[in-house]
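Trainee: I've just opened this one and I'm not sure where to begin. Could you walk me through it?

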Amino acid sequence: MKAVQVLGLLVIVAVFLAAPANAGELVNRLISVCTHDQKPSADLLERYKNGDFPDDRDSKCVMRCIGLNLGVYDDINGVHMHDTWQMFRQGRAATEEKAFADQHNKCIKQQTKNVPADDYCGQVYAVFQCYKDEYLALLSNIRKAAAKAQG
């Protein structure tokens, strides 16, 4: 991994782990960037911000854009498992990383088996199904921390 990618990933992980309010802003900014050309409805934007991505082409491609920008996915290698572990680790011991990777790799294999390899948006959407609960928990933690910081 190039030094710039590592630095970018460290910044993203630091935002998610150290400054949950900023993490919420990052998620919202990524959603804005990744939906800019689509002009989705306000309701759909709110759904995205709540981790609810419908099973349609545009939503799948929004997810791909977010994954690419977070540095946890690329079209050549797929999921960056260690980076994903860092994002979703949430206080778990380092010794749990292998079990996390094994569990998610098994799920990813199952979820993507019927998705064409060149359907990058579909691949990301299928993979997301393996991380959905952790992503929703992360969003919940971000909101709780932001609410606590406000007041």
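**Salt bridges and a buried residue**

Mentor: Let's start with a pair of charged side chains: Arg64 and Asp75 meet in a salt bridge, with N and O 2.3 Å apart. Keep in mind that this is a predicted model.

Trainee: Okay, so which parts does the pair Arg64 and Asp75 tie together, and how many residues apart in sequence are they?

Mentor: Take the two ends in turn. Arg64 lies in helix H4, while Asp75 sits in the loop between strand S1 (73-74) and strand S2 (78-79). So the salt bridge ties helix H4 to that loop, parts whose separation in sequence is eleven residues.

Trainee: Is Arg64 buried, partly exposed or exposed?

Mentor: Buried would need under 20% relative accessible area, and exposed would need over 50%. Arg64 comes out with 23%, so the word for Arg64 is partly exposed.

Trainee: And what is the relative accessibility of its partner, Asp75?

Mentor: Asp75 also has a value that falls between those cut-offs, so Asp75 counts as partly exposed. The number for Asp75 is 25%.

Trainee: Helix H4 holds Arg57 too, right at residues 57-70. Which residue does Arg57 form a salt bridge with?

Mentor: Look for the carboxyl oxygen by the Arg57 side chain: the closest N and O atoms are 2.7 Å apart. A salt bridge here needs that distance to be within 4 Å. The partner of Arg57 is Asp119.

Trainee: How many residues apart in sequence are the parts that Arg57 and Asp119 tie together?

Mentor: Arg57 is in helix H4, and Asp119 is in the loop between helix H6 (97-112) and helix H7 (120-150). The pair therefore links parts whose spacing in sequence is 62 residues.

Trainee: Which of the words buried or exposed fits Asp119?

Mentor: The cut-off for buried is under 20%. Asp119 has 18% relative accessibility, so Asp119 is buried.

Trainee: How many salt bridges does a search of the whole structure find?

Mentor: We've met Arg64 with Asp75 and Arg57 with Asp119. Another is Arg47 with Asp52, at 2.9 Å from N to O. Over the whole structure, the search gives six.

Trainee: Let's leave charges. Where is Ile31 found, and which residues is Ile31 in contact with, leaving aside neighbours within four places in sequence?

Mentor: Ile31 belongs to helix H2 (residues 20-35). With a relative accessible area of 0%, Ile31 is buried. Beyond those sequence neighbours, its contacts are Leu45, Tyr48, Lys49 and Ile66.

Methods. Residues are numbered from 1 along each chain as its sequence is written. This is a predicted model: local features need pLDDT of at least 70, side-chain atom pairs count only at pLDDT 80 or more; totals for chains, interfaces and linings use all residues. Side-chain values use heavy atoms; hydrogens and water are left out. Helices (H or I, at least four residues) and strands (E, at least two) are DSSP runs, numbered from the N terminus. Buried means under 20% relative accessible area, exposed over 50%, partly exposed in between (1.4 Å probe, protein chains only). Contact means heavy atoms within 4.5 Å.
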